[in-house]
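Trainee: Can we go through how the labels on this model are earned?
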Amino acid sequence: MRYSIFLAFGLVGLCLVAQAQRIFGGQIDRRYQATNTAYVYDVSCTFFADQAGYEALPNRLRFGIYRKKDNELIETFFADKSKDISGTKSASSCNKSEKTTYVFVNYNQSLILKPDKYSDPDGYYIINDPVGNRNPTENVASSNIVLYHWFSPQYLWEYFDNLEPGKTTPQWTPDSFNYFCTNEDTNFSLQVGSNPLKTGLGRGNYTIQLQNTSPLTGDSTAKVRYQTVAWKAGFSPNQMLPGGNFYLPTMFLINAQGIANLPISAKPAKAGVYSVGFLIKHSRNGVPLSEIYREYQIKVEDCLPPPPAIIRISEVNRPSAVASAKVCEGKTVQLNAGAKQPNITYEWFKDGAVIAGQKDSILVVKEGGAYTVTLTKKGACNTNTSSPAFISIVPNPKVLIESSVPSGLLCPGGSLKLSTLASEPSVKFQWLRDSVAIAGATDSTFKVTQIGQYAVAITDQNGCQGQSTPLSIRLDSTVKVGMNIIPVRCSNDTNLVTLAGTPAGGKFSGDGVNKNTFSPKNAGAGAHQISYLLDDPKACLTGTAVETAVVLASPPLELGPDQFISSVGGVQLNQNNALNASNGFNFQWTPALGLSSPSVASPYATPDQTTSYQLTVSGSNGCTSKDTITVNIVQGLYIPDAFTPNGDGINDTWEPRGLEEFPAAEIKIFDRWGHAIYNSTKNNKQPFDGTFNGTSLPSGNYAYQIITQSEGHIFRGNLLILR
């Protein structure tokens with residue numbers, strides 16, 4: 001993967017006026033080519049020009065490689081101008097009023113640079129024959145442009161470094177024209193990376209130095225073909241811009257990916273177009289490897305200042321009335337960004353998101369959030385965004401009232417007290433009767449002496465208001481204390497009966513009573529007196545009501561434990577129950593299959609298979625009782641007492657016969673130490689093959705246990721393994 005140097009100038013605004021036949025600058029890059037031929041390098045010369053400048057540049061350009069120490073020409077080569085000018089870039093003024101598009105004009109040539117030819121330790125440089133015309137600037141008098149690239153022979157030998165083979169050199173991203181504002185610091189970021197990328201690069205072994213340098217021109221008659229440009233009055237290599245040069249970083253960090261970010265800034269003091277240069281010096285492990293030169297231009301403009309952006313909070317339609325940033329629920333406030341400012345547009349934001357359709361200097365809000373406004377002035381290069389105005393919505397206070405008499409009944413000639421239950425500390429209270437404020441009633445309590453609809457309004461420390469639901473205070477009248485009839489229930493009924501009395505607020509008492517419920521089962525059979533007592537002098541209510549709760553006796557019924565019989569046997573059910581038909585009880589057994597009679601108290605059961613019977617006993621009082629008993633059929637089993645698991649196919653497994661009637665039967669086999677070595681359940685019915693965990697058990701005696709079902713019959717015996 002290839003990595004290039006990225007030179008990103010983060011300018012607020014760019015501007016370029018279109019002129020004819022202009023060359024803004026350029027650069028020469030040299031990259032190692034990974035081919036089968038050693039020491040092959042791609043030399044690329046790039047000029048930045050407008051369309052007319054592209055047409056004016058020669059179709060074929062001469063380059064020379066010179067020895068640094070004596071400027072001796074070592075090699076000459078020619079490169080053709082590329083017909084591909086698809087690489088373009090645009091620059092616009094900060095207020096977008098001007099725009100220029102320039103193209104990348106490339107001359108590319110592959111060269112073989114062998115160490116035996118390029119071995120001088122002072123290195124070699126590549127330059128082009130001078131070309132023009134350079135776009136006229138305020139600081140440079142020369143017109144022709146010469147580009148420069150120096151390399152060390154150490155760069156060529158680096159290919160044979162076994163610890164880090166291959167070439168790596170910094171690169172520039174194509175960029176040529178940028179815009180600044182006068183007397184304003186303009187920052188941009190220079191990103192430097194190795195191309196191609198190599199691992200293990202760091203400040204200790206890979207160093208990049210950046211410096212300001214003068215633009216270059218040339219003289220074909222001089223010994224040194226490249227020369228520093230002729231400066232106009234007031235400019236020099238130490239002051240290429242009005243007010244000084246670029247501010248460059250003194251230290252920077254190369255990360256693990258071989259990339260470094262360098263912050264650069266300038267503050268030019270005068271408008272105009274200026275040519276400038278940069279030079280990257282590249283070394284590894286203290287050995288200089290290359291110098292990469294770049295010339296480009298900037299245009300400095302007198303930019304209009306951005307408008308001030310300040311938000312003031314006021315009451316709605318009253319911009320001079322200051323309001324709090326804490327807004328009561330359901331209320332609104334007005335945000336003011338300065339009205340009647342000429343040539344200003346406004347854009348409002350809430351929590352960083354644009355508020356659609358809000359373009360006025362005033363914004364009325366009723367929602368909480370962080371509000372900002374961005375002001376744009378016509379002709380200004382920058383916008384101005386205000387500090388956030390934080391609006392918070394304060395819930396209106398919640399308030400309840402309670403009466404010292406819960407019923408709200410006012411005794412004739414008496415009084416009762418109303419109290420507030422506020423959800424937060426309050427500032428003040430105001431009591432109302434029939435929606436009219438009561439004069440002087442501003443405490444948290446109020447004494448009521450007349451009937452009406454009472455409410456309280458509360459105002460908290462934020463000025464937010466809330467009001468309680470009205471409470472009706474009525475005049476007491478004679479009320480008879482009563483109690484609802486309690487329905488007749490049976491003694492085995494577990495359902496609770498809800499008790500109700502009038503007026504509400506009294507207490508219940510009696511057998512089986514718990515608060516306002518009655519339990520027939522807890523009370524037991526009989527007639528129970530249940531009382532309702534109302535004793536509320538404040539509500540002018542006293543009295544007692546009594547109702548009888550009749551609980552009918554349910555038939556006593558207990559069938560006892562489940563029975564086990566043989567397949568040819570039988571059993572009499574309910575033998576110990578004293579209930580019979582002469583006592584007025586009716587009996588019903590289900591199912592009737594296998595019973596001598598389904599309607600007697602104690603039938604004889606002879607089922608063919610295990611059967612569960614339910615008995616329902618009905619008394620003459622309408623109460624019933626139910627119970628269930630299961631008759632289990634135990635059939636005879638054939639349990640072998642020995643088997644021969646020797647693999648001859650005869651009697652190789654042990655499996656009892658006749659367990660079909662016991663699908664839930666569990667079989668266990670134990671060794672002589674009592675350890676379980678086999679277990680068969682309803683979910684795992686595999687015959688015993690004389691092994692344990694895949695290992696054959698030795699011949700000898702073992703014990704078995706067969707449980708027909710849970711809490712059922714258990715068969716025990718001994719088993720002999722013969723081999």
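Mentor: Sure, here are the disulfides, burial and a small sheet, term by term.
Mentor: This is a predicted model, where local features need pLDDT of at least 70, side-chain atom pairs count only at pLDDT 80 or more, and totals for chains, interfaces and linings use all residues. Residues are numbered from 1 along each chain as its sequence is written, and side-chain values use heavy atoms, with hydrogens and water left out.
Trainee: Why is the pair of cysteine 181 and cysteine 303 called a disulfide?
Mentor: Their sulfur atoms are 2.0 Å apart, and a disulfide is a pair of cysteine sulfur atoms within 2.5 Å, so the pair qualifies. Cysteine 181 sits in strand β11 and cysteine 303 in the loop between β18 and β19, so the link ties together parts 122 residues apart in sequence. Strands here are DSSP runs (E, at least two residues), numbered from the N terminus.
Trainee: What makes the disulfide of cysteine 490 and cysteine 623 left- or right-handed?
Mentor: The torsion about the S-S bond is about -95 degrees, so this disulfide is left-handed.
Trainee: How do you know whether cysteine 490 is buried or exposed?
Mentor: Buried means under 20% relative accessible area, exposed over 50%, partly exposed in between (1.4 Å probe, protein chains only). Cysteine 490 has 19%, so it counts as buried. Cysteine 623, with 0%, is buried too.
Trainee: Why are β40 and β43 called edge strands?
Mentor: Three strands form an open antiparallel sheet in the order β40-β44-β43. Each of β40 and β43 has a single partner strand, so one side of each lacks a neighbour in the sheet.
Trainee: What makes β43 and β44 a pair?
Mentor: Pairing takes at least two DSSP bridges between strands; 2 bridges join β43 to β44, so they pair.

Note on methods:
Helices (H or I, at least four residues) and strands (E, at least two) are DSSP runs, numbered from the N terminus.
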